[in-house]
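Here is a short report on one protein model. It starts with a single side chain and moves outward to the core and one helix.

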Amino acid sequence: MTDSPASSRLALAAAGVTVVLWASAFVSIRSAGAAYSPGALALGRLLAGALVLGAVLLIRREGLPARGAWPGILISGLLWFGAYMVVLNWGEQEVDAGTAAMVVNIGPILIALLGARFLGEKLPPRLVAGMGVSFAGAVAVGLSMSGEGHASVLGVVLCLLAAIAYAGGVVAQKPALAHGSALQVTTFGCLVGTVACLPFAGQLIDEAGRAPLPATLNMVYLGVFPTALAFTTWAYALARTTAGRMGATTYAVPALVVVMAWVFLGELPGLLTLAGGALCLAGVAVSRSRPKPVKATAGRTDAAPARLRGRAGAELPDKGKV
């Protein structure tokens, strides 16, 4: 982990790319999910992502990651690339978008708690405060978008499981990045998730033959951009900051989803939705901020050495004198 200003700016830019692309995924999932079942959509997305990531890995000749990266790659691949995508696709078929966003946004809180427990990360007051503000905004967005939709118990449980899988995958991925590059960890994590989803291959083949072209194109988009590109930029940023701070960054996703749904789907947000989105962004800003270092005054800086010099330079009594 590095704290240089240039590295911090690059990590923040990478996190921004991830947040925007993950927000765009909600619009594409809505379109593709009408033609593809949860498992088939997850497998198709992962296949597209794995092909792109594998090609880039071969071009860059990065090869296999070190042995120490594999435990984290396997766990994050199974939890985040595999279970999370399938369960979330399924959950969003059972509950409305607002309820799903509200439940899944428990994830950043779980990431911070798991990071403190298993990675020894600290929970600074600004991070905790920012998470609280953002979570309140996510709840406001969820309530405003729920309308009169019916939230089944199964759907809520599935979204909760998705949040747990997401948090576990992020915390498992963090130590893997100490032994492999962001591209390596993302590529092989995606491959692990693809293998885990192979039982849905029959559904994917059957549904792809009947699905309209826009749904299939949206599935490919999900694999190339929100998966291959966004997960790589996420890993790049995660390697340069804490899991808790990165998790809090994703609270900006619901706010961006509101804007994208407004632009691309014609869903005009209400005042509560806009207020909730503003709270999400404000919370992210608080969680990403750092307290200003306290600068010591010149007088205080010189005073201590002067006292030390005075003590060190004091004339010691002669041993022969009483």
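The backbone oxygen of threonine 241 sits 2.5 Å from a polar atom of the lysine 174 side chain. This is a predicted model. Lysine 174 belongs to helix α7, residues 153-176. Lysine 174 is buried, yet has no salt bridge. Its nearest side chain of opposite charge is glutamate 121, 5.1 Å away. A salt bridge needs a distance within 4 Å.

| Partner of lysine 174 | What is compared | Distance |
|---|---|---|
| Threonine 241 | backbone oxygen to a polar side-chain atom of lysine 174 | 2.5 Å |
| Glutamate 121 | nearest side chain of opposite charge | 5.1 Å |

Next, the nonpolar core. The largest one has 67 residues. Tyr36, Trp80, Tyr84, Val170 and Trp234 have the most contacts inside it. Helix α1, residues 5-32, gives this core its largest share, eleven residues. A second, separate core has five residues, among them Ala112, Leu127, Ala248 and Tyr251.

What does tryptophan 234 touch, leaving out residues up to four places away in sequence? The set includes Thr18, Trp22, Trp80, Tyr166 and Val170. Gln173, Met246, Gly247 and Thr250 are also in contact with tryptophan 234.

Last, helix α8. It covers residues 182-196, 15 in number. From first C-alpha to last it reaches 21 Å, close to the 21 Å expected at 1.5 Å a residue. Twelve of the 15 residues of α8 are buried, so the helix is largely enclosed by the rest of the structure. Among these buried residues are Leu183, Phe188, Cys190 and Val192. The buried residues of α8 pack against α2 (38-60), α3 (70-94), α7 and α10 (213-238).

Definitions and conventions:
Residues numbered from 1 in each chain as written. Predicted model: local features only at pLDDT ≥ 70, side-chain atom pairs only at ≥ 80, totals over all residues. Heavy atoms only, no water. Helix = DSSP H or I, 4+ residues; strand = E, 2+ residues; numbered from the N terminus. Buried < 20%, exposed > 50% of the residue type's maximum accessible area, 1.4 Å probe, protein only. Lys, Arg positive; Asp, Glu negative; His and termini not counted. Polar contact = N/O pair within 3.5 Å; in protein donor to acceptor, adjacent residues only side chain to side chain. Core = buried A, V, L, I, M, F, W, Y, C linked by side-chain atoms within 4.5 Å. Contact = heavy atoms within 4.5 Å. Expected span 1.5 Å × (residues − 1).
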